[in-house]
Every structure is written in structure tokens, then in C-alpha cells.
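Here is a short briefing to keep beside you while you look through the model. It goes topic by topic, so feel free to jump to the part you need.

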Amino acid sequence: MENPITKYSELVQHQHINTVDTLFGGYMLAWLDLAAGKASNRFLKDTEAWGAVTRAMDSVEFKEPVFLGDWVNCEAIVYEAGKSSIKISVKAYAESKLHGKRLACTANFTFVAVIKNENDEFVKYDHNISI
């Protein structure tokens, strides 16, 4: 199966800044999660799954500060798949004219594929895709 890099970007704006004039870490975590979610949905595109939900976020490392006006460019790739689980590695690069491009944050995610059952409830779905 083809396993391309999935990209997701955000511009750091005033509402994202903390009291030390850098990106509040919670926004970075949310953006990493969105990138991983986008990658998991692309991974499941040819299945009956409705999508996937975040099960775990591991090995988060904030490497460099991110500043107002920086672009945060996330790159996510599926690196392992179980029966219903999908493991995704995400790297976030901050980029601006003033500070250049740098690896700002990394994290690994586990997502679980879901589908609606006969009671219209979301339940785990065995996608059975291997990498």
C-alpha cells in the first residue's frame, strides 16, 4: 500500500501566544492531532470505516520555540497498523523569514478506526490493512 506523507499547516496568530511570547503548547498538540487524524482518514479511505479517533499520544517532544507569525507545517506518516489501530508519527516544523525553518515538535499517535453499528453508535472497526 502507498503510504505518503500527509501535510497540515497553521499560521501562529495572536490568540495562540502564551505569556512568554511563544506558541502555547496546547495549540501545537491540537495541530499535531489534526495532522495525525488527517493521515488516519487517508489511510482508511478505501474501507467502510467512518474515520478514526485518537487513542493515545506518546513521545511528545517540544524541540524549539515557535513565535507569532511562524507557519507550523506538520508532516504525518502512518508507520504501523494493527487490526483496528493505526500508528502515526508527526513532525512539526516552524518556519518564518526571521527564524528560518526548524523542527519544533514531534509526537507519535495511536488512532482506532471506527464505524457505526446497528444502534447508530460508533464502535471499533477492524480495517485489516497492513503496511
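**A walk through the predicted model**

L29 is partly exposed, because its relative accessible area of 26% lies between the 20% and 50% cut-offs. Please keep in mind that this is a predicted model. The structure holds four aromatic pairs and zero disulfides, and both topics are covered below.

**L29 and its surroundings**

- L29 belongs to helix 1, which spans residues 25–43.
- Leaving aside residues up to four places away in sequence, L29 touches M57, V60 and F62.
- From L29 to S84 the C-alpha to C-alpha distance is 23 Å, with their positions 55 residues apart in sequence.

**Aromatic rings**

- A pair of aromatic rings is described by two things, the distance of the centres and the angle of the planes.
- The structure holds four aromatic pairs, and one of them, W50 with F122, is edge-to-face, at 5.6 Å centre to centre and 80 degrees between the planes.
- This pair links distant parts of the chain, 72 residues apart: W50 lies in the loop between helix 1 and strand 2 (51–62), and F122 lies in strand 6 (residues 122–124).
- W50 counts as exposed because its relative accessibility, 54%, is over 50%.
- F122 is partly exposed, with a relative accessible area of 48%.
- F109 and F111 form a tilted pair, with 6.2 Å centre to centre and 50 degrees between the planes.
- Both partners of that tilted pair are buried: F109 has 1% relative accessibility, and F111 has 3%.
- F24, Y27 and W31 are joined into a cluster by ring pairs.

**A charge over a ring**

- If you are looking at Y93, look for K101 as well: the charged end of K101 sits over the ring of Y93, 4.9 Å from its centre.

**Cysteines**

- A disulfide is a covalent bond between the sulfur atoms of two cysteines.
- How many disulfides does the structure hold? The number is zero.
- C74 is in no disulfide, and the nearest cysteine sulfur, which belongs to C105, is 8.4 Å away.
- That distance of 8.4 Å does not meet the cut-off, because a disulfide needs the sulfur atoms within 2.5 Å.
- C105 is likewise in no disulfide, its nearest cysteine sulfur being that of C74.
- C74 is buried, with a relative accessible area of 2%, and C105 is buried as well, at 0% relative accessibility.

How values were computed:
Residues are numbered from 1 along each chain as its sequence is written. This is a predicted model: local features need pLDDT of at least 70, side-chain atom pairs count only at pLDDT 80 or more; totals for chains, interfaces and linings use all residues. Side-chain values use heavy atoms; hydrogens and water are left out. Helices (H or I, at least four residues) and strands (E, at least two) are DSSP runs, numbered from the N terminus. Buried means under 20% relative accessible area, exposed over 50%, partly exposed in between (1.4 Å probe, protein chains only). Contact means heavy atoms within 4.5 Å. Rings of Phe, Tyr and Trp (its six-membered ring) pair if their centres lie within 6.5 Å; planes under 30 degrees apart count as stacked, over 60 as edge-to-face and the rest as tilted. A charge sits over a ring if NZ of Lys or CZ of Arg is within 6 Å of the ring centre and within 35 degrees of the ring normal.
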